[in-house]
Amino acid sequence: METPGNDSGTSFDCDYVVIGSGFGGSVSALRLSEKGYKVLVLEKGMRLAAADFPKSNWDVKRWLWLPSLRCYGLFKMTFFRHVGVLSGVGVGGGSLVYANTLPVPKKAFFASPSWAHLTDWETELRVHYQTALRMLGAATNPRLETGDLALRELGKQIGMEAHFEATEVSVYFGEPAKTVPDPFFGGKGPDRAGCIFCGGCMTGCRHNAKNSLDKNYLYLAEKLGAVIQPESLVTDVRPLGAADGADGYAVDWQPSATRKGAGGTIRCRGAVFAGGVLGTVELMLKLKESSLPRLSDRLGYGVRTNSEALIPVTVPDGKSVFSDGVAIGSILHTDEHSHLEPVRYAAGSGFWRLGMGPRVYHPNGFVRALKLIGDWLAHPVMNLKVLFVDDWAKRTQVLLFMQTIDSTLRLVRGRFRLSTRLDVGPAPTSFMPEATDLSERYAAIVGGKPVALVSDTLLGVASTAHILGGACMGRDAAEGVIDSDNRVFGYRNLYVCDGSMISANPGVNPSLSITAISERAMSKVPARNAQGA
């Protein structure tokens with residue numbers, strides 16, 4: 001078991017720097033603080049309150065994270081050759097924009113050959129999943145809306161109605177809009193208000209009902225003395241003294257977003273990389289070439305998605321309403337390795353309509369382009385109705401199809417930015433026959449038309465909100481970047497606790513698994529006083 005370092009004449013500003021404040025970073029901040037460590041959380045995004053969230057995603061300056069255009073919101077889009085990545089930015093990370101769902105993966109995840117040889121994950125993680133569900137305020141969605149009822153009907157049609165269920169979500173379902181004292185942590189947490197089922201979960205909850213990380217882990221960590229410093233981008237992590245970091249680290253940061261000043265250096269005993277796949281892997285690839293050369297050569301490998309497809313179905317009848325409810329209110333298990341969820345935005349959040357066109361399928365991009373033109377020629381009236389629908393979010397049900405079937409990419413550092421390469425298996429694709437069939441069946445039930453981003457159709461690039469891997473687990477540095485306790489091979493007191501540690505495809509929304517695995521990792525860290533530090 002690692003000790004937290006030694007003093008050896010070194011003066012530290014804090015014990016641990018946590019780089020990022022998403023699910024893994026938030027868990028780390030709280031659990032290390034509870035163990036007596038002095039913790040600093042560095043987050044490149046903004047600290048946002050309810051009043052800072054956009055009323056709709058048309059308010060791009062409040063919604064998008066695009067600092068070069070002075071957009072300092074909570075949602076980031078990153079496009080690569082093989083995949084487009086949707087992610088969250090800000091104090092609370094992905095919890096600000098995720099769809100609240102907290103599913104425990106099936107056995108296939110825990111038994112995946114990519115990591116099953118390290119430990120009995122299903123047994124090891126059981127108690128930590130329960131802790132994560134409690135901390136995130138999991139509750140069963142109490143209301144099935146139009147899109148959920150249609151999904152249940154689809155389940156009946158394909159003989160899987162028994163495998164339809166309401167989701168477990170991270171939302172406070174008290175009396176709608178009524179503010180009450182903390183209902184989760186015996187009064188130690190913030191006041192909360194009951195969900196009003198507006199569908200605005202993914203553009204930032206403006207009504208204090210969503211259990212984002214600033215309402216639980218981060219809130220409690222700050223009460224114990226953890227310091228959260230937003231608008232601070234980490235640029236370097238280098239050992240002080242001993243090459244393996246036994247004497248601690250210097251962490252350099254520079255201002256981001258609207259923060260002024262010159263940045264600085266933090267001297268600490270250890271650090272937790274928790275900036276999400278794109279943040280952590282990009283930083284670690286940079287450091288492998290400079291300050292942390294002992295990092296495994298496996299860094300950047302094993303990047304995966306949930307093998308998902310996002311398929312909007314638009315119903316231009318002027319009366320159907322798909323925007324009411326929580327972001328994802330139900331799930332249908334369509335077979336042993338596939339799932340379908342209806343995803344919604346609040347009424348008025350129609351930004352995505354700008355890039356939509358008919359959904360067509362063919363493995364060849366040129367043929368897809370011809371079929372796209374052909375669909376417009378064959379169905380001009382329906383396509384015009386879909387294009388000019390009065391309220392895209394209100395009339396559109398986005399279907400999220402996910403599978404546990406695995407394939408991986410590799411992230412590599414280019415001259416100006418990260419890029420992707422194929423690793424194992426085929427590249428991710430949105431055009432899976434099962435997803436296409438299910439979306440067409442669903443469209444027939446609701447009287448709508450499946451559509452797709454034109455960029456997906458023309459370029460064949462899948463989009464994912466669940467980018468995972470890149471700093472995967474292994475028995476040693478030849479097999480992985482971190483060990484089964486999330487410790488970085490080659491260095492003392494360095495951890496990875498975010499989506500980049502996920503070493504198999506969970507096949508479902510991964511936030512709960514990131515939380516649970518981070519809980520397990522932090523449970524292995526000894527208390528500060530136990531080591532006499």
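Modeller: Axes are lines fitted to C-alpha atoms, for helices over the stretch in contact, and angles run from 0 to 180 degrees between N-to-C directions. The model discussed here is predicted.

Biologist: What is the orientation of helix 4 and helix 13 to each other?

Modeller: Helix 13 covers residues 511–523, and its axis lies 8 Å from that of helix 4, with an angle of about 110° between the two. Angles of 65 to 115 degrees count as roughly perpendicular. The orientation of helix 4 and helix 13 is therefore roughly perpendicular.

Biologist: How many charged residues has the contact of helix 4 with helix 13?

Modeller: From helix 4 the contact includes W121, E124 and H128, while helix 13 contributes, among them, L512, E519 and R520. Sorted by class, this contact has nine nonpolar and five polar residues, and the number of charged ones is three.

Biologist: Is A116 buried, exposed or partly exposed?

Modeller: A116 belongs to the loop that runs between helix 3 (107–110) and helix 4 (121–135), and, apart from residues up to four places away in sequence, A116 touches F110, A111 and W121. Since buried means under 20% relative accessible area and exposed means over 50%, the value of 28% for A116 makes this residue partly exposed.

Biologist: Is F431 buried or exposed?

Modeller: F431 sits in the loop between strand 22 (418–424) and helix 11. Beyond its neighbours within four places in sequence, F431 is in contact with R359, V360, Y361, R368, D456, T457 and G460. Its relative accessible area is 4%, and the limit for a buried residue is under 20%. F431 is therefore buried.

Biologist: In which sense does helix 5 cross helix 11, left-handed or right-handed?

Modeller: Helix 5 (residues 146–157) packs on helix 11 (residues 433–446) at an angle of about 120°, with their axes 10 Å apart, and the two helices are therefore oblique to each other. Residues in this contact include G147, L151 and L154 of helix 5, which meet residues such as L438, Y442 and I445 of helix 11. The sense in which helix 5 passes helix 11 is right-handed.

Biologist: Which strands stand at the edges of the sheet of seven strands?

Modeller: This open sheet has the order 8-17-18-20-16-23-19, with antiparallel pairing, and its neighbouring strands are turned by 30° against each other on average, direction ignored. An edge strand has a single partner strand, so one side of it is left without a neighbour in the sheet. The strands in that position are strand 8 (164–166) and strand 19 (356–358).

Biologist: Which residue in strand 23 is the bridge partner of G357?

Modeller: Strand 19 and strand 23 (residues 449–453) pair in the antiparallel sense over three bridges. Helix 9 (residues 380–387) lies across both of these strands and strand 16 (309–314), running at about 65° to strand 23. In strand 23, the residue that partners G357 is A452.

Biologist: Which residue of strand 6 does M77 stand opposite?

Modeller: Strands 5, 6 and 24 form an open sheet of three strands in the order 5-6-24, with mixed pairing, and the edge strands are strand 5 (75–79) and strand 24 (462–464). Strand 5 pairs with strand 6 (residues 83–88) in the antiparallel sense over five bridges. Opposite M77 in strand 6 stands L86.

Conventions: Residues numbered from 1 in each chain as written. Predicted model: local features only at pLDDT ≥ 70, side-chain atom pairs only at ≥ 80, totals over all residues. Heavy atoms only, no water. Pairing = 2+ DSSP bridges. Helix = DSSP H or I, 4+ residues; strand = E, 2+ residues; numbered from the N terminus. Parallel < 35°, antiparallel > 145°, perpendicular 65-115°, else oblique. Left-handed = near helix turned anticlockwise from the far one by under 90°. Contact = heavy atoms within 4.5 Å. Buried < 20%, exposed > 50% of the residue type's maximum accessible area, 1.4 Å probe, protein only. Nonpolar A, V, L, I, M, F, W, Y, C, P; charged D, E, K, R; others polar.
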